[in-house]
Amino acid sequence: MKEPQEVTIVQFSDAGERLKAVRLPKVVKSEEEWRKQLSPNAFDITRHADTEIAFSGKYAESHDKGLYRCICCDNALFSSEAKFDSGTGWPSFTSPVEGGSVDTDTDRSFFISRTEVHCSACGGHLGHVFPDGPRPTGMRYCINSASLKLEPAPEPMEEV
């Protein structure tokens, strides 16, 4: 049996604090295992590169603060600090939380060429990235809500 490919990811606390870079085996599961773990919509999107309908996802218009993780493997992907309202109907970010948290590939479906974004730890389809975002990066990571889960930022402690 072939050894799983290894990936280097940066771990983050649920509070969004960068912890350390670690080298781990890439998350590999069977179709059946993914189906058991994910909702039907999340399965279709993350494992078969489907796309949710614009303005239908729970994070499309969310302004909640926190860390967005991969719904499949908990890899830290995006910070709410990088989220902006693109008007497209999908959550949009100027950059990933860390350079190696996502990977990209060329997607030539629908007779056009786009850049697909997927989780570096498990290969789950997240969405696409376009060069029409705001500063500082000029990029728009247009991501399906169904591929994400938000770890809310901790509430600030009250001073006594």
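Read from the N terminus, the pattern is β-β-α-α-β-β-β-β-β-β-β-β-β. That gives 2 helices and 11 strands in the protein chain. What you see on the screen is a predicted model, so please take every value I quote as computed from that model.

Overall dimensions next. The C-alpha trace spans about 60 × 35 × 30 Å along its principal axes. The radius of gyration is 16 Å; a compact globule of 160 residues would have one near 15 Å, so the two agree. Of the 160 residues, 42% are buried. Take the contacts between residues at least 6 apart in sequence: 51% of them join residues at least 24 apart.

The surface. The accessible surface of the chain comes to about 9,600 Å², and carbon and sulfur atoms account for 51% of that. On charge, there are 18 positive and 25 negative, and their mean positions lie 5 Å apart.

Now the helices, and α2 in particular, which covers 40-48. Which residues of α2 are buried? They are A42, F43, I45, T46 and R47. The buried residues of this helix pack against α1, which is 31-37, and against β9. Directly after α2 comes A49, with a positive phi near 55 degrees.

D44 is also in helix α2. D44 has a relative accessible area of 33%, and because buried means under 20% and exposed over 50%, this residue is classed as partly exposed. Beyond four places in sequence, D44 touches A49 and D50. D44 and L126 are 82 residues apart in sequence, with their C-alpha atoms 11 Å apart in space.

That brings me to β9, and to H125, which lies in that strand. Buried or exposed? H125 counts as buried, at 3% relative accessibility. Its contacts, leaving aside neighbours within four places in sequence, include I45 and T46, and also A49 and D50. So we are back at residues already named: I45 and T46 are among the buried residues of α2, and A49 is the residue with positive phi that follows the helix. H125 is also in contact with E116, V117 and H118, and with N144 and S147. From H125 to S101 the separation is 24 residues in sequence and 13 Å in space, C-alpha to C-alpha.

S101 comes up again with N75. Where is N75? N75 sits in the loop between β3, 66-70, and β4, 76-79. Although N75 is in a loop, this residue is buried, with a relative accessible area of 3%. The N75 side chain reaches the backbone oxygen of S101 at 3.2 Å. Not counting residues up to four places away in sequence, N75 touches I9, then Y68, R69 and C70, then S101, and finally C119, S120 and A121.

In the same loop, between β3 and β4, is D74. D74 is partly exposed, with a relative accessible area of 38%. The backbone at D74 has a positive phi of about 75 degrees, and D74 is not a glycine.

A few words on backbone geometry, then. Most residues other than glycine have a negative phi, and most peptide bonds are trans. Besides D74, F55 is a residue other than glycine with a positive phi, in this case near 65 degrees. F55 is placed in the loop between α2 and β3.

Where is there a cis peptide bond? One joins R135 and P136, with omega about 15 degrees. P136 is in the loop between β9, 125-130, and β10, 140-143.

G138 is found in that loop too, between β9 and β10. Setting aside neighbours within four places in sequence, G138 is in contact with F130, P131, D132 and G133. G138 and S95 are 43 residues apart in sequence, and their C-alpha atoms are 9.1 Å apart in space.

To recap the local points. The buried side of the story has N75 in the loop between β3 and β4, with its side chain reaching the S101 backbone oxygen. H125 is buried in turn, in contact with residues that include I45 and T46. And the cis peptide bond is the one between R135 and P136.

Key:
Residues numbered from 1 in each chain as written. Predicted model: local features only at pLDDT ≥ 70, side-chain atom pairs only at ≥ 80, totals over all residues. Heavy atoms only, no water. Helix = DSSP H or I, 4+ residues; strand = E, 2+ residues; numbered from the N terminus. Rg over C-alpha atoms; globule rule 2.2 N^0.38 Å. Buried < 20%, exposed > 50% of the residue type's maximum accessible area, 1.4 Å probe, protein only. Contact = heavy atoms within 4.5 Å. Areas by Shrake-Rupley, 256 points an atom, 1.4 Å probe, with all protein chains shown as cover. Lys, Arg positive; Asp, Glu negative; His and termini not counted. Charge placed at Lys NZ, Arg CZ, Asp CG, Glu CD. Polar contact = N/O pair within 3.5 Å; in protein donor to acceptor, adjacent residues only side chain to side chain.
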